[in-house]
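Got the model open in your viewer? Let's walk through it stop by stop, selecting a few things as we go.

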Amino acid sequence: MKMNYQVWVFKTAMKLSILLSLFIYASSATNYTVGGELGWDLDSHIQTWSSSRNFSVGDTLVFVYTPVHNVLEVDEVGYNACASDDPISVADDGNTTVTLDSFGTRYSFVELMVIAALD
């Protein structure tokens, strides 16, 4: 009987430490508004803004932008070429949230949506 109690105490302590670790991890995530308080637009200095941050897995990037723009996530080749023809994802709601769910570099850029009426 004493052995079962010790096993129960050990298992309970392990479960509590795992839950505590998960809570600490979840509470340490940070929400970043890309570009700062003004959000992200064509005049933002994103390189300066991002270079002063230390992002971690679990952090959230919030892209706030006007509805005449959209946010594209692309690969490194697409980013370097400023090419929007094969994006990983496209968002145009003016308030896009991206959770950093893995290590590595992610590439995004803003694109002006051109809407033309033909007569």
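Start with the aromatic rings: this predicted model holds four aromatic pairs. A pair like this is described by the distance of the ring centres and the angle of the planes.

**Stop one: Y32 and F55.** Select both. Their ring centres are 4.9 Å apart and the planes sit at 80 degrees, so this is an edge-to-face pair, since anything over 60 degrees gets that label. The two come from distant parts of the chain, 23 residues apart. Y32 belongs to strand β1 (residues 31-33), while F55 sits in the loop between α2 (46-51) and β2 (60-64). Is Y32 buried or exposed? Its relative accessible area is 15%, so Y32 is buried, the limit being under 20%. F55, at 34% relative accessibility, counts as partly exposed.

**Stop two: Y79 and Y107.** Now select this aromatic pair. The centres are 5.2 Å apart with 40 degrees between the planes, which makes the pair tilted. Again, distant parts of the chain are linked: Y79 is in helix α3 (residues 76-81) and Y107 is in strand β6 (residues 107-112), 28 residues apart. Color them by accessibility if you like: Y79 is partly exposed at 32%, whereas Y107 is buried at 18%.

**Stop three: a cluster.** Go back to Y32 and F55 and add W49 to the selection. Together, Y32, W49 and F55 form one aromatic cluster.

**Stop four: the largest pocket.** Switch on a surface and look for the largest pocket, with about 740 Å³ of space in it. Which residues are closest to its centre? Select I46, S50, R106, Y107 and S108; they are the closest of the 26 residues that line it. You've already met Y107 as the buried partner of the tilted pair. For the walls, color α2, β2 and β6, since each supplies at least two residues of the lining. By type, the lining divides into 15 nonpolar, eight polar and three charged residues.

**Last stop: the whole chain.** Zoom out and switch to cartoon view. You'll find three helices and six strands, running α-β-α-β-β-α-β-β-β from the N terminus on. How much of the chain is buried? Buried residues make up 23% of its 119 residues. The chain exposes about 9100 Å², and carbon and sulfur atoms supply 60% of that. Finally, take the contacts between residues at least 6 apart in sequence: 70% of them join residues at least 24 apart.

Definitions and conventions. Residues are numbered from 1 along each chain as its sequence is written. This is a predicted model: local features need pLDDT of at least 70, side-chain atom pairs count only at pLDDT 80 or more; totals for chains, interfaces and linings use all residues. Side-chain values use heavy atoms; hydrogens and water are left out. Helices (H or I, at least four residues) and strands (E, at least two) are DSSP runs, numbered from the N terminus. Buried means under 20% relative accessible area, exposed over 50%, partly exposed in between (1.4 Å probe, protein chains only). Contact means heavy atoms within 4.5 Å. Accessible areas come from the Shrake-Rupley method with a 1.4 Å probe; for residues, only the protein chains shown count as cover. Rings of Phe, Tyr and Trp (its six-membered ring) pair if their centres lie within 6.5 Å; planes under 30 degrees apart count as stacked, over 60 as edge-to-face and the rest as tilted. On a 1 Å grid over the protein atoms alone, a cavity is a set of points where a 1.4 Å probe fits but cannot get out, and a pocket is an open set with protein on both sides within 12 Å along at least five of seven lines; lining residues have an atom within 4 Å of a point. Grid points are joined across faces, edges and corners, and a volume is the space filled by probe spheres set on the points. Ala, Val, Leu, Ile, Met, Phe, Trp, Tyr, Cys and Pro count as nonpolar, Asp, Glu, Lys and Arg as charged, and the others, Gly among them, as polar.
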